[in-house]
Amino acid sequence: MLSHRGFPFVSGRYTKLALQNATFSTSCRSNKSYQLVVVGGGAGGCSTAAKFSSKLGKGKVAVIEPADVHYYQPMWTLVGGGMKKLEDSKKSMSKVLPKKAEWIKQRVVSFDPSNNKVMTDDGCEVGYEYLVVAVGLQLNYHQIKGLPDAFETPGVCSNYSPLYVNKTLKSLESFREGNAIFSFPATPIKCAGAPQKAMYISEEYFRKHGKRDKANIIYNTSLPVIFGVKKYADALWEIVKERNITVNLRQNLIEVKPDSKEAVFQNLDKPDELTTFQYEMLHVTPPMSTPDSLRNCDSLVDAAGYLNVNKGTLQHVEFPNVFGIGDCTNVPTSKTAAAVAGQCGVLRKNLSLVIAGKAPTSLYDGYTSCPLVTGYSKCIMAEFDMNGNPLETFPINQAKERRLMFHFKKDVLPDMYWLGLLNGYWEGPKYVRKMLHLGFK
């Protein structure tokens with residue numbers, strides 16, 4: 001998850017809070033060793049730590065995470081549209097980490113899987129018998145020329161960072177006329193549907209506030225398709241056609257010129273072909289990658305820099321005492337919190353077997369979900385496996401926009417995340433889906 005430092009642990013109230021939850025350590029102070037080390041305090045890290053700190057006992061599990069704050073990032077789509085507040089999406093890290101785990105509040109700077117240890121930024125070595133890598137993705141705004149400086153200028157925003165998400169609503173409020181452009185980069189990203197969600201919400205905002213006839217809405221995506229699963233792609237093409245939204249495929253944002261309010265895109269099929277667009281509003285989805293510390297460990301990652309795991313068992317292909325969960329792995333499915341939920345049950349079973357000296361047997365089917373919010377009251381609930389086949393929970397056509405799915409996304413999923421997933425209870429809708437589909441083909 002994204003890090004914001006400065007949480008006031010020095011005050012008595014917050015010190016008490018920290019002690020009531022995860023055992024808090026500001027640094028290693030000396031080299032330590034644990035039965036299980038979890039690197040990362042995001043959705044995957046929290047759920048894994050919750051499961052195994054209870055199973056293995058107090059002091060056996062450590063979570064290495066530098067951030068003071070844990071964010072429920074899927075809510076930022078709604079924050080950008082003014083339906084939620086940024087404060088609604090965050091809790092202190094001390095409240096979400098399990099009390100039986102030791103929290104090492106440092107950043108891992110390097111991995112040494114051959115010697116079963118990681119190094120933290122305060123110079124300490126943390127040893128382990130078993131390692132779970134759950135470091136997520138880092139945002140690389142700097143790879144786009146002109147960013148992040150352009151965020152200090154009017155109209156440039158991004159729902160992907162707590163630093164910039166509030167600018168999205170401000171950009172909508174101050175919009176007068178011209179192009180409203182939404183980008184999708186040429187890298188894997190967290191929640192591939194999120195750039196479109198921002199676009200559909202913005203389009204409805206303009207309609208509600210009498211600005212739609214003055215707004216030319218453009219979706220410039222590096223992908224060759226509007227969405228990776230055909231069933232939902234077909235529905236989205238109908239929506240953009242109905243709402244008069246321009247979609248340009250294979251267009252990658254490479255530069256922002258805030259002084260002239262221009263955005264430069266490269267045609268990925270013809271790299272020498274650059275197109276400059278004027279913008280009144282520009283919503284940027286940044287290029288993303290695994291954090292440098294992981295990407296630089298050649299023995300752990302594949303050629304693209306992602307943790308190299310068996311896509312079924314989530315066990316590392318070379319180091320059997322290393323597992324991965326979430327966005328940092330090379331499992332070929334969309335990178336969402338729903339995917340983490342689907343993976344955490346598999347990880348729980350397989351890591352437990354390995355600890356017991358047995359081979360992993362549970363297989364992840366690639367389940368993930370992307371609630372495609374298409375406005376202020378409707379949502380397409382896309383659910384699918386790693387092969388792009390729909391894997392829907394409800395016995396209805398989920399490619400249809402529905403108010404019910406919107407409220408499920410807005411009002412139900414946050415509690416499932418905070419109370420279920422982070423505490424290690426929610427492992428995805430597999431059994432719910434089977435129950436709801438009884439009697440249906």
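## A short tour from Cys-46 to a three-stranded sheet

Start by selecting Cys-46 together with Gly-40, Gly-41, His-70, Val-96, Leu-97 and Leu-422: leaving aside residues up to four places away in sequence, these are the ones Cys-46 touches. Keep in mind as you look around that this is a predicted model.

Now colour residues 43-56, which form helix 2, and you will find Cys-46 within that helix. Is Cys-46 buried or exposed? Its relative accessibility is 0%, so Cys-46 counts as buried. For a sense of scale, add Met-281: the C-alpha atoms of Cys-46 and Met-281 are 36 Å apart in space, with their positions 235 residues apart in sequence.

Next, move to Arg-212, in the loop that runs between helix 6 (194-208) and strand 13 (215-221). Arg-212 counts as buried because its relative accessibility is 14%, under the 20% cut-off. Show side chains here, and look for the polar contact of 3.0 Å that joins the side chain of Arg-212 to that of Glu-203. Beyond four places in sequence, Arg-212 also touches other residues, among them Phe-206, Ile-217, Arg-243 and Asn-244.

For the last stop, display strands 15, 16 and 17, which make an open sheet in that order with antiparallel pairing. Strand 15 (251-257) and strand 17 (270-278) are the edges, each pairing on one side only. From one strand to the next, the twist averages 25°.

Zoom in on strand 15 and strand 16 (residues 262-267): they run antiparallel and are joined by six bridges. Which residue of strand 16 stands opposite Glu-255? Select Val-264 to see that partner.

Conventions:
Residues numbered from 1 in each chain as written. Predicted model: local features only at pLDDT ≥ 70, side-chain atom pairs only at ≥ 80, totals over all residues. Heavy atoms only, no water. Helix = DSSP H or I, 4+ residues; strand = E, 2+ residues; numbered from the N terminus. Buried < 20%, exposed > 50% of the residue type's maximum accessible area, 1.4 Å probe, protein only. Contact = heavy atoms within 4.5 Å. Pairing = 2+ DSSP bridges. Axes fitted to C-alpha atoms, helices over the stretch in contact; angles between N-to-C directions. Polar contact = N/O pair within 3.5 Å; in protein donor to acceptor, adjacent residues only side chain to side chain.
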